[in-house]
Amino acid sequence: MSKHLFIKQAAIEAGFDACGIAKAESLDEDAAFMQHWLSEGKHGEMHYLARNFDKRTDPRVLVPGCRSVVVVLLNYFPEDLQPDTAPRIAKYAYPETDYHSVIKEKLASLEALITAAYGPESVASKHQHRFVDSAPILERRWAQRAGLGWIGKNTLLINPDFGSYCFIGILLLNIEVETYDKPIPDRCGTCTRCINACPTAALESYSMDARRCLSYLSIELKDEIPETFQHSVSGQILGCDICSDVCPWNRKKAHPHKHPELKAHTGILQWSQQDWMNMNETDFELHFPHSALRRAGFRKLQQNLRLGKKKQNPEDNANTENEQA
Ligand code: SF4
Ligand code: SF4
């Protein structure tokens with residue numbers, strides 16, 4: 001069996017839904033795009049995105065000796081969705097367990113299968129070589145180059161079989177494979193639904209201004225969401241799926257995952273705004289010991305919740321302001 005086929009089968013055996021392999025090369029076009037994007041300050045306070053630029057745009061600089069980039073996808077579209085009345089949480093954060101640890105474990109299993117077949121030197125064990133949603137590597141671009149989808153106008157990877165509700169994991173190898181997967185052409189066509197639906201006008205075609213995006217504002221931004229965007233929050237307390245939910249590829253192709261490790265937290269599916277408001281920090285720690293919600297943290301979630309309440313009860317808000325006056 002060819003290495004190419006073996007690795008792709010091993011990825012499925014390790015529990016992933018899809019795998020592609022790209023040749024390790026410099027991402028020159030992305031480097032130019034990113035430099036321009038960073039120079040416009042569209043990364044907001046995510047200063048780490050500007051660091052280690054050479055490493056981020058060439059995996060051979062990140063991991064000397066790297067020859068191949070193995071990219072895996074894990075579908076996370078949930079079986080059950082939050083009711084419309086619940087404070088909105090992006091679907092990637094539904095699971096009880098933070099997806100980073102789920103994918104890292106599966107990547108370790110994949111690596112074990114590869115090293116058993118091709119020897120320990122097939123991976124760069126002295127360097128970081130497994131990545132999940134981490135700054136040093138442009139995961140969506142590698143997924144696109146590995147034939148796993150295209151990057152849509154909403155800047156997300158869209159897989160033709162799963163849509164965009166997929167986690168991406170990367171394993172860098174020191175070995176070459178016989179053939180590499182071919183990129184899939186862009187299938188957005190004339191559609192602009194994601195751009196039109198974005199409540200904060202964060203999207204231009206194939207580019208996003210993170211400073212305007214609710215995913216950034218509700219998680220990464222340490223301060224409260226600026227007033228100009230508060231009216232758009234509309235009960236989002238962590239992340240935002242709007243530009244994914246409207247995408248016709250998700251409407252046609254997204255289907256529930258089959259991964260018990262990604263079981264949704266029942267509270268996320270059931271709790272009302274008031275249940276969330278009643279939660280104190282101790283409750284939060286108790287209910288979410290391993291959740292991706294911890295990345296935003298209790299205080300940030302509370303800030304976001306208060307904005308959702310403001311929006312839901314403008315009269316309460318006016319009354320409070322009157323009382324204060
Ligand atoms: S995640 Fe939400 S705020 Fe961000 S670009 Fe998409 S629709 Fe806009
Ligand atoms: S909504 Fe339309 S334009 Fe946006 S990513 Fe999906 S297909 Fe592409």
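# Close-up views of a predicted model

**Figure 1. The largest nonpolar core of this predicted model holds 51 residues.** Six of its members touch the most other members: Ile-89, Tyr-92, Leu-110, Leu-238, Trp-276 and Leu-293. Several helices and strands each supply at least two residues of this core. The helices are H1 (3-13), H5, H12 and H15 (298-312). The strands are E1 (18-23), E2 (68-75), E7 (166-173) and E10 (236-238). H5 gives the most, with 6 residues. Domain 1 (3-78 + 94-173) and domain 2 (193-253 + 263-315) both give residues to this core, so it lies between them. In general terms, nonpolar side chains tend to be buried together in soluble globular proteins.

**Figure 2. Tyr-92 and its contacts from elsewhere in the sequence.** Set aside the neighbours within four places in sequence. Tyr-92 is then in contact with Tyr-76, Tyr-99, Phe-167, Ile-219 and Leu-238. Another core, of 40 residues, lies apart from the largest one. Ala-22, Leu-49, Leu-217 and Leu-221 are among the residues of that other core.

**Figure 3. The two domains in contact.** The domain assignment gives domain 1 as 3-78 + 94-173 and domain 2 as 193-253 + 263-315. Taken over C-alpha atoms, their centres are separated by 25 Å. On the domain 1 side, 30 residues make contact. On the domain 2 side, 33 residues do.

**Figure 4. The shell around ligand 1.** Four cysteines are part of this shell: Cys-198, Cys-213, Cys-240 and Cys-243. Pro-199, Thr-200, Ala-202, Leu-203, Leu-214, Ser-215 and Ile-242 also surround ligand 1. Helix H8 (214-220) supplies at least two residues of the shell, and so does helix H10 (242-245). By class, the shell has 9 nonpolar residues and 2 polar ones. It has no charged residues.

**Figure 5. The shell around ligand 2.** Here the cysteines are Cys-188, Cys-191, Cys-194 and Cys-247. Gly-152, Lys-153, Asn-154, Ile-158, Arg-193, Pro-248 and Trp-249 are also around ligand 2. Helix H7 (193-197) and H11 each supply at least two residues of this shell. By class, the residues divide into 7 nonpolar, 2 polar and 2 charged. Domain 1 and domain 2 each provide at least three residues of the shell.

**Figure 6. A salt bridge between distant parts of the chain, Lys-263 to Glu-96.** The two side chains meet at 3.3 Å, N to O. The partners are 167 residues apart. Lys-263 sits in the loop between helix H11 (248-253) and helix H12 (266-270). Glu-96 sits in the loop between strand E3 (88-89) and helix H5 (99-118). Lys-263 is partly exposed, at 45% relative accessibility. Glu-96 is partly exposed too, with a relative accessible area of 35%.

**Figure 7. Further salt bridges, from a total of 14 in the whole structure.** Asp-84 pairs with Arg-88, and their closest N and O atoms are 3.4 Å apart. Asp-84 is exposed, with a relative accessible area of 72%. Arg-88 counts as partly exposed, at 25%. Arg-211 pairs with Asp-209, with the closest N and O atoms 3.0 Å apart. Arg-211 counts as partly exposed, at 34% relative accessibility. Asp-209 counts as buried, because its relative accessibility is 12%, under the 20% cut-off. Shared partners also join Lys-91, Asp-241 and Asp-245 into one salt-bridge network.

**Figure 8. Positive phi at Thr-155 and Ala-201.** Most residues other than glycine have a negative phi. Thr-155 has a phi near 70°. Thr-155 lies in the loop between strand E5 (150-151) and strand E6 (157-158). It counts as buried, at 11% relative accessibility. Ala-201 has a phi near 55°. Ala-201 is found in the loop between H7 and strand E8 (203-204). It is exposed, with a relative accessible area of 51%.

Technical notes. Residues are numbered from 1 along each chain as its sequence is written. Chains are lettered from A and ligands numbered from 1 in the order in which they are written. This is a predicted model: local features need pLDDT of at least 70, side-chain atom pairs count only at pLDDT 80 or more; totals for chains, interfaces and linings use all residues. Side-chain values use heavy atoms; hydrogens and water are left out. A salt bridge is a side-chain nitrogen of Lys or Arg within 4 Å of a carboxyl oxygen of Asp or Glu. Buried means under 20% relative accessible area, exposed over 50%, partly exposed in between (1.4 Å probe, protein chains only). Helices (H or I, at least four residues) and strands (E, at least two) are DSSP runs, numbered from the N terminus. A residue is near a molecule or strand if one of its heavy atoms lies within 4 Å of it. Ala, Val, Leu, Ile, Met, Phe, Trp, Tyr, Cys and Pro count as nonpolar, Asp, Glu, Lys and Arg as charged, and the others, Gly among them, as polar. Domain bounds come from an automatic or database domain assignment. A nonpolar core is a set of buried Ala, Val, Leu, Ile, Met, Phe, Trp, Tyr and Cys residues joined through side-chain atoms within 4.5 Å. Contact means heavy atoms within 4.5 Å.
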